[in-house]
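Student: Got a minute to walk through this model with me? I'd like to start with the cysteines.
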Amino acid sequence: MTASRRTWLRGLAAAGAAALVSACDRIAGDPAVRAGLKGAEQLNQGLHRVLFDRRTLAREYPDSAISPDFPANGSISPGDPTYRALAAGGFADYRLIVDGLVERPLALDLAALRALPSRSQVTRHDCVEGWSAIARWTGARLAPVLDQAGLKPEARFLVFHCFDTLDPEAGEDGRYYESIDLVDALHAQTLLAYEMNGTPLSIAHGAPVRLRVERQLGYKHAKYISRIEAVADFSHISGGKGGFWEDRGYEWYAGI
């Protein structure tokens with residue numbers, strides 16, 4: 001795929017995101033706005049899947065392009081008591097749960113994750129707020145994790161449940177979560193990242209494990225992952241839109 005086509009599609013996604021942000025105060029009360037945004041999301045997803053083969057890689061950069069400053073967006077220090085205890089122990093007791101529609105539920109510690117097939121990649125993180133930064137990410141490829149768990153035939157999406165809470169007043173619905181479909185989950189660059197720029201993830205950047213799904217905007221890259229749940233749909237989870245920000249008006253499909 002040519003660079004010009006990729007630039008055009010990224011521009012389309014950015015324009016859609018900008019329109020979404022400007023319309024946020026009208027979403028709740030205007031069905032026509034919600035319908036228009038949903039149509040734009042479906043167009044973005046359709047164009048992305050037509051123009052880019054599921055195996056097409058996001059652009060990778062040389063180490064010389066790594067940004068001197070990479071903002072720690074979103075939460076930077078979850079207050080969840082379980083998370084704080086795990087962090088205090090250097091995440092020695094951390095277990096990544098993989099369950100839902102799988103044949104063999106998993107509970108993986110960091111050593112087990114590091115023993116799985118891994119990948120390092122220098123990629124650009126594009127935030128819906130308009131900034132971007134480049135970093136080297138190293139982690140376990142998600143596809144082999146799913147192979148180990150054994151997805152059931154009815155599984156269509158993965159939901160990433162996280163330790164951080166962005167809206168305490170919303171109770172459990174205020175906890176961060178995200179979801180992707182199996183096309184993105186099985187992509188070669190989709191990682192459960194445990195290192196950034198050659199060192200273990202800092203707490204600000206999502207320790208001990210965060211998602212890297214390089215063909216999606218930044219809010220899809222869930223930090224502080226506690227559990228991966230394979231599901232047939234996500235209508236029963238939190239607000240039913242597939243993610244914390246999606247429940248508040250953002251697009252579910254944020255391909256770039």
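Student: So cysteine 127, buried or exposed?
Tutor: Keep in mind that this is a predicted model. Cysteine 127 has a relative accessibility of 11%, so it counts as buried, the cut-off being under 20%.

Student: And cysteine 162, buried or exposed?
Tutor: Cysteine 162 counts as buried too, because its relative accessibility is 1%.

Student: How many disulfides are there?
Tutor: The count is 0 disulfides for the structure.

Student: OK, salt bridges then. How many does the structure hold?
Tutor: There are 13 salt bridges. One of them joins the side chains of aspartate 80 and arginine 175, at 3.1 Å from N to O.

Student: Where do aspartate 80 and arginine 175 sit?
Tutor: Aspartate 80 is in the loop between helix H3 (31-51) and helix H4 (81-88), while arginine 175 belongs to strand S6 (residues 175-181). They are 95 residues apart in sequence, so the salt bridge ties together parts that far separated along the chain.

Student: Is that aspartate 80 buried or exposed?
Tutor: Aspartate 80 counts as buried, at 15% relative accessibility. Arginine 175 comes out at 22%, so it counts as partly exposed.

Student: Which residues make up the network around that pair?
Tutor: Asp80, Glu172 and Arg175 are linked in a network of salt bridges.

Student: What does lysine 220 pair with?
Tutor: Lysine 220 forms a salt bridge with glutamate 178, and their closest N and O atoms are 2.8 Å apart. This one also links distant parts of the chain, 42 residues apart: lysine 220 is in the loop between strand S9 (210-212) and strand S10 (225-231), and glutamate 178 is in strand S6.

Student: Why does lysine 220 count as buried?
Tutor: Because its relative accessible area is 1%, and buried means under 20%. Glutamate 178 is buried as well, with a relative accessibility of 0%.

Student: What about glutamate 214, who's its partner?
Tutor: Arginine 212, with the closest N and O atoms 3.1 Å apart. Glutamate 214 and arginine 212 are both buried.

Student: Switching to the nonpolar side. How many residues are in the largest core?
Tutor: The largest nonpolar core has 53 residues, and Leu96, Leu142, Leu158, Phe160, Leu192, Ile225 and Ile228 have the most contacts inside it. Strand S7 (residues 191-196) gives the most to this core, with 5 residues.

Student: Which residues does leucine 96 touch, leaving aside neighbours within four places in sequence?
Tutor: Its contacts include Leu106, Leu108, Leu113 and Leu192, plus the run Ile225, Ser226, Arg227 and Ile228.

Student: What's in the second core?
Tutor: That is a separate core of 8 residues, among them Phe157, Tyr177, Val231 and Phe234.

Student: Back to Leu142. Which residues of its helix, H6, are buried?
Tutor: Leu142, Ala143, Pro144, Val145, Leu146 and Ala149. With 6 of the 8 residues in helix H6 (residues 142-149) buried, the helix is largely enclosed by the rest of the structure.

Student: What follows H6?
Tutor: Glycine 150, with a positive phi near 75 degrees.

Student: Last bit, the whole chain. How many helices and strands?
Tutor: The protein chain has 7 helices and 10 strands. Of its 256 residues, 49% are buried.

Student: And what share of the contacts is long-range, say at least 24 apart?
Tutor: Counting contacts between residues at least 6 apart in sequence, 71% join residues at least 24 apart.

Student: How much surface does the chain expose?
Tutor: About 11500 Å², with carbon and sulfur atoms supplying 54% of it.

Methods. Residues are numbered from 1 along each chain as its sequence is written. This is a predicted model: local features need pLDDT of at least 70, side-chain atom pairs count only at pLDDT 80 or more; totals for chains, interfaces and linings use all residues. Side-chain values use heavy atoms; hydrogens and water are left out. Buried means under 20% relative accessible area, exposed over 50%, partly exposed in between (1.4 Å probe, protein chains only). Helices (H or I, at least four residues) and strands (E, at least two) are DSSP runs, numbered from the N terminus. A nonpolar core is a set of buried Ala, Val, Leu, Ile, Met, Phe, Trp, Tyr and Cys residues joined through side-chain atoms within 4.5 Å. Contact means heavy atoms within 4.5 Å. A salt bridge is a side-chain nitrogen of Lys or Arg within 4 Å of a carboxyl oxygen of Asp or Glu. Accessible areas come from the Shrake-Rupley method with a 1.4 Å probe; for residues, only the protein chains shown count as cover. A disulfide is a pair of cysteine sulfur atoms within 2.5 Å.
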